[in-house]
Structure formats: structure tokens, C-alpha cells
Amino acid sequence: MQPKLSVITIVYNNVKDIERTMLSVLNQTYPNIEYILIDGASTDGTKDTIYNYKSRLAQFISEPDQGIYDAMNKGLALATGDYVLFMNSGDEIYAPVTVAEVFESASAADIYYGETEMYDENWHSLGQRRHRAPQTFSWRSFRYGMCISHQAIYVKRSLAGPFDLQYKYSADIDWIIRAAKNASSIVNTHSYVAKYLVGGISKKKHMASLKERFKIFTKYYGFIPNVINHLFIAVNLGQYYIRHRRTND
């Protein structure tokens with residue numbers, strides 16, 4: 001049997017990128033996809049673009065929300081798939097065959113993950129993320145940074161609790177760690193599975209996002225280990241920036 005995948009896209013006033021994201025989902029060769037789109041009551045023409053594809057959506061909501069993770073929770077509440085994947089506006093599933101290849105990589109895993117390619121606002125490739133996907137992944141893997149982006153992780157819906165709304169910018173980190181703690185089988189697909197548009201809310205509110213990340217990592221890994229781990233993170237970031245003149249994270 002082919003597991004059902006619920007793909008959830010959230011968007012607000014992003015008419016420039018929403019169609020590209022939607023087509024990356026709708027053009028998948030994998031047949032068992034439920035596509036859920038949550039719009040925050042856009043006013044820039046985004047809804048008009050979405051309506052062009054409304055007949056191909058399983059669910060579409062357009063209403064005000066309390067932020068990105070509130071919108072993502074709305075999508076989760078509507079999902080009926082065996083697995084969930086968040087592909088927010090501006091990002092893409094890597095290729096039309098990606099979902100099929102993910103589920104062909106192993107059967108019935110709790111979590112599947114892969115690599116992410118970064119893109120700038122003009123959709124020019126910036127290459128692989130600085131935090132490369134680890135060979136093996138567990139809930140402890142994030143102690144040196146978010147080594148898997150949420151666009152590149154397929155989580156069994158039974159493990160996917162709601163996002164914690166006390167976090168405004170980094171709740172996806174907490175969400176993935178919680179899911180991974182409860183997972184018994186986590187599979188590395190050894191392939192690129194997502195394209196990520198840089199400059200999201202965590203970049204626009206970078207310092208607030210970093211503070212939240214530190215709080216989340218402290219909760220799971222302890223304060224002193226987290227301080228030590230951040231020294232390694234800072235050194236690795238500095239070395240990467242010297243070589244590449246960008247952070248790619």
C-alpha cells in the first residue's frame with residue numbers, strides 16, 4: 001500500500017511565490033497526496049492564484065491567524081494522511097519524483113528525511129545548507145544546530161503533535177525534536193528532497209529566533225551542554241562564512 005501524505009502549505013500575501021510552491025506539490029508523480037492550503041486572509045492576489053487550483057486541493061482555508069505556527073496547527077488539524085509534510089509558500093518539493101522516491105527508500109518508517117538546497121529571492125541556487133543532514137538522525141542531533149529543515153522531513157501523523165505556540169519563530173525545532181523522541185525508525189533518504197527560499201520569518205526576526213532556539217535546546221539538552229554546544233556552533237559558522245561569505249542556514 002502507498003501511504004497517504006498530507007502536504008500542508010501556509011501562506012500570507014505571497015503572490016510572487018505561491019504558484020511555484022503549489023505546482024511543486026500538484027505535479028508530484030506520487031498519487032496518494034492530500035494537499036491542504038492555509039491562507040492568512042491575503043489581500044495581494046494570493047487567493048486568486050490559489051483559486052485557480054482549488055479543485056485540486058483537499059482543503060483550503062483563508063482567514064486571519066495568530067502567526068505561522070497557528071496556521072500550521074490549522075493544517076495539522078485538517079490532515080488525514082499517514083504522514084505530514086510542511087511545504088510553506090516560497091519553498092518547493094525538490095523534483096516531481098521526490099515523494100515517490102522518499103517512500104520507496106524504506107517501508108513504514110516513522111520519519112523520513114533528506115537534504116535541502118537553498119535559493120535566494122530571485123530563485124538562484126545557493127547550494128546545500130550549511131547544516132547538512134546527518135547520516136543518522138535522532139532527537140539529540142539538533143544539539144549543534146537545526147541539521148534538517150522542516151521542509152525536508154516527513155513525519156508520521158501519529159507522532160505529529162501541535163506546534164507549541166509559546167514559540168513564535170522556532171516552534172518547528174521543538175516540533176521536530178518531540179516527534180523524533182517518539183520515533184522508533186528514522187530513515188535517511190540520501191537525496192535532496194526540498195528547495196528552501198531564504199529570508200523567512202526566522203531571518204527577519206533573527207535575534208528573537210536565536211533566543212528561542214537557545215531556550216528550546218536548553219529544554220532538551222541542558223543549559224551547560226547547550227552553552228558548550230553553541231561554542232562549536234559559533235566556530236563552525238565563522239569558518240563557513242570565511243569560506244563562502246554567506247551562512248546558508
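Patches are made of residues with over 30% relative accessible area and no salt bridge, where like charges are joined within 9 Å and nonpolar side chains (Val, Leu, Ile, Met, Phe, Trp, Tyr) within 5 Å. All views show a predicted model, in which local features need pLDDT of at least 70, side-chain atom pairs count only at pLDDT 80 or more, and totals for chains, interfaces and linings use all residues. Residues are numbered from 1 along each chain as its sequence is written, and side-chain values use heavy atoms, with hydrogens and water left out.

**View A. A nonpolar surface patch includes Phe223.** The patch is formed by Tyr144, Phe223, Ile224, Val227, Ile228 and Phe232, which together have about 570 Å² of accessible area (Shrake-Rupley method, 1.4 Å probe; for residues, only the protein chains shown count as cover). Phe223 belongs to helix H8, residues 223-244; helices (H or I, at least four residues) and strands (E, at least two) are DSSP runs, numbered from the N terminus. With a relative accessible area of 47%, Phe223 is partly exposed; buried means under 20% relative accessible area, exposed over 50%, and partly exposed in between (1.4 Å probe, protein chains only).

**View B. Helix H7 has buried residues on the same side.** Ser209, Glu212, Ile216, Phe217, Tyr220 and Tyr221 of H7 are buried. They cover an arc of only 145 degrees around the axis, so they lie on the same side of H7; the arc is that of the directions from the helix axis to the C-beta atoms. Met207 and Lys211, on the other side of H7, are exposed. The 16 residues of H7 (206-221) should span 22 Å at 1.5 Å a residue, and the end C-alpha atoms are 22 Å apart, which agrees; the expected span is 1.5 Å times one less than the number of residues. Gly222, just after H7, takes a positive phi of about 95 degrees.

**View C. Helix H5 is largely enclosed by the rest of the structure.** Nine of the 11 residues of H5 (171-181) are buried, among them Asp172, Asp174 and Trp175. The buried residues of H5 pack against helix H3 (68-78), strands S4 (83-86), S6 (111-119), S8 (153-156) and S9 (186-197), and H7; contact means heavy atoms within 4.5 Å.

**View D. Gln28 is buried in a loop.** The loop runs between helix H1 (18-26) and strand S2 (33-39). The relative accessible area of Gln28 is 9%. Apart from neighbours within four places in sequence, Gln28 is in contact with Ile33, Ile93, Ala95, Pro96, Val97, Thr98 and Val99.

**View E. Glu34 and Lys4 form a salt bridge.** A salt bridge is a side-chain nitrogen of Lys or Arg within 4 Å of a carboxyl oxygen of Asp or Glu, and by this rule the count comes to seven. The N to O distance for Glu34 and Lys4 is 3.6 Å. Glu34 lies in S2 and Lys4 in the segment before strand S1 (5-11), so the pair ties together parts that are 30 residues apart in sequence. Glu34 is buried, at 8% relative accessibility, whereas Lys4 is partly exposed, at 26%.

**View F. Lys156 and Asp110 form a salt bridge.** Their closest N and O atoms are 3.3 Å apart. The pair links distant parts of the chain, with Lys156 in S8 and Asp110 in the loop between H4 and S6, 46 residues apart. Lys156 is partly exposed, at 23% relative accessibility, and Asp110 is buried, at 9%.
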